[in-house]
Amino acid sequence: TRCLSDWSSDVCSSDLKKNIMVEMNYKEIWYRFCSYVLKSKKESELLSTKEYMFRDSIVEYFNIELGWDRQCIETEYVVHSGCADKKCDIMIHDDFNKKEELFLIECKRPNNKQSLRNRKQLDSYIATTRICIGIYIGEYIELFYDERSDKALALPVFRVDYNPTNNPNGEKFVELFHKKNFNKEDRKSVV
C-alpha cells in the first residue's frame with residue numbers, strides 16, 4: 001500500500017493523521033489524484049507493478065481525499081454468480097454495517113488499455129449485484145450506469161482523462177463521489 005505522502009507531501013498534516021477531514025476544493029483533490037496516477041503510470045511502465053498495489057492506493061484515495069471511511073470500503077468483494085463466485089476490486093458501502101452497496105470500482109493499472117473483456121467483467125459485477133453504478137479506473141476513469149431491462153452492457157455515461165489542470169470532468173468526478181455529496185439517486189442525473 002502506498003503512503004499518504006505519495007499523494008502529496010503537503011497533505012500530510014497532523015489533522016489528516018488524526019483522521020479529521022480537512023475541507024479541500026475539488027480542483028485541488030483532482031490535481032493530487034492525477035499527479036499520483038501519472039506517477040504510477042510511469043512507475044508501472046518501468047516496473048512490473050502489481051494491480052493490487054494500484055487498487056490499494058485507490059482505496060486510500062477514496063478514504064483520505066473523498067471522505068469514505070475505511071470500514072465502508074471493501075476490497076476483493078465477493079460477487080455471487082451462480083456456482084462460481086467472482087471478486088470485484090472495490091465495493092463502497094453506505095455505512096459501517098455494510099447494509100447497502102452504493103457503487104463498485106474495477107481497477108486496472110494506469111497503463112492498461114480498456115478491452116471488451118474489461119467492460120464485460122465490470123458489467124458482470126454490475127448486473128449480478130444489481131448496483132446501477134460501476135466505475136472503471138485504468139488509463140482513464142469511466143462511469144457506467146445500468147438500469148437494465150435487457151441483456152445489453154451497462155452504458156458508459158461519463159469519462160475523465162488524467163489531466164490534472166483545467167479538467168472540469170475531473171472536478172465533477174470528485175464532487176459526485178465525495179462522501180459528503182454522495183447521493184445514489186442523484187447519480188442518475190449524470191446520465
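These exercises work through the sheet, the cores and some local features of a predicted model.

**Exercise 1. The sheet**

Task: State the order of the six strands in the open sheet and find which strands stand at the edges.

Solution:
- Start with the order. The six strands run β1-β2-β3-β4-β5-β6, and their pairing is mixed.
- Now look for strands with a single partner. These are β1 (73-79) and β6, so one side of each has no neighbour in the sheet.
- Add the twist. Neighbouring strands are turned by 30° against each other on average, direction ignored.
- Check one pair. β5 and β6 are antiparallel and share five bridges. Within β6, Phe158 is the bridge partner of Leu143.
- Place the helix. α4 (residues 116-129) lies across β1, β2, β3, β4, β5 and β6. Its angle to β3 is about 165°.

**Exercise 2. The nonpolar cores**

Task: Describe the largest nonpolar core and say which elements supply it.

Solution:
- Take the size. The largest core has 35 residues. Phe62, Phe103 and Phe177 have the most contacts inside it.
- List the suppliers. At least two residues each come from α2 (26-46), α3 (51-64), β2 (86-93), β3 (101-107), β4 (133-137), β5 (141-145), β6 (155-160) and α5 (168-177).
- Rank them. α2 gives the most, with six residues.
- Zoom in on Phe103. Leaving out residues up to four places away in sequence, Phe103 touches Phe62, Trp68, Ile90, Met91, Ile92, Ile131, Ile133, Ile135, Phe177 and Phe182.
- Separate the second core. It has 13 residues, including Cys88, Met91, Leu104 and Phe144.

**Exercise 3. Aromatic rings**

Task: Count the aromatic pairs, name the cluster they build, and find the ring that Arg159 lies over.

Solution:
- Count pairs with ring centres within 6.5 Å. The total is 14.
- Follow the links. One cluster joins Trp30, Phe33, Tyr61, Phe62, Trp68, Phe103, Tyr162, Phe173, Phe177 and Phe182.
- Turn to the charge. Arg159 lies over the face of Tyr140, 3.6 Å from the ring centre.

**Exercise 4. Positive phi**

Task: For Glu76 and Arg130, give phi, location and exposure.

Solution:
- Glu76 has phi near 50°, a positive value in a non-glycine residue. Glu76 sits in strand β1.
- The band between 20% and 50% relative accessible area is partly exposed. Glu76 is at 35%, so Glu76 is partly exposed.
- Arg130 has phi near 65°, again positive and not glycine. Its place is the loop between α4 and β4.
- Exposed means over 50%. Arg130 reaches 72% relative accessibility, so Arg130 is exposed.

Notes: Residues are numbered from 1 along each chain as its sequence is written. This is a predicted model: local features need pLDDT of at least 70, side-chain atom pairs count only at pLDDT 80 or more; totals for chains, interfaces and linings use all residues. Side-chain values use heavy atoms; hydrogens and water are left out. Rings of Phe, Tyr and Trp (its six-membered ring) pair if their centres lie within 6.5 Å; planes under 30 degrees apart count as stacked, over 60 as edge-to-face and the rest as tilted. A charge sits over a ring if NZ of Lys or CZ of Arg is within 6 Å of the ring centre and within 35 degrees of the ring normal. A nonpolar core is a set of buried Ala, Val, Leu, Ile, Met, Phe, Trp, Tyr and Cys residues joined through side-chain atoms within 4.5 Å. Buried means under 20% relative accessible area, exposed over 50%, partly exposed in between (1.4 Å probe, protein chains only). Helices (H or I, at least four residues) and strands (E, at least two) are DSSP runs, numbered from the N terminus. Contact means heavy atoms within 4.5 Å. Two strands pair if DSSP finds at least two bridges between them. Axes are lines fitted to C-alpha atoms, for helices over the stretch in contact, and angles run from 0 to 180 degrees between N-to-C directions.
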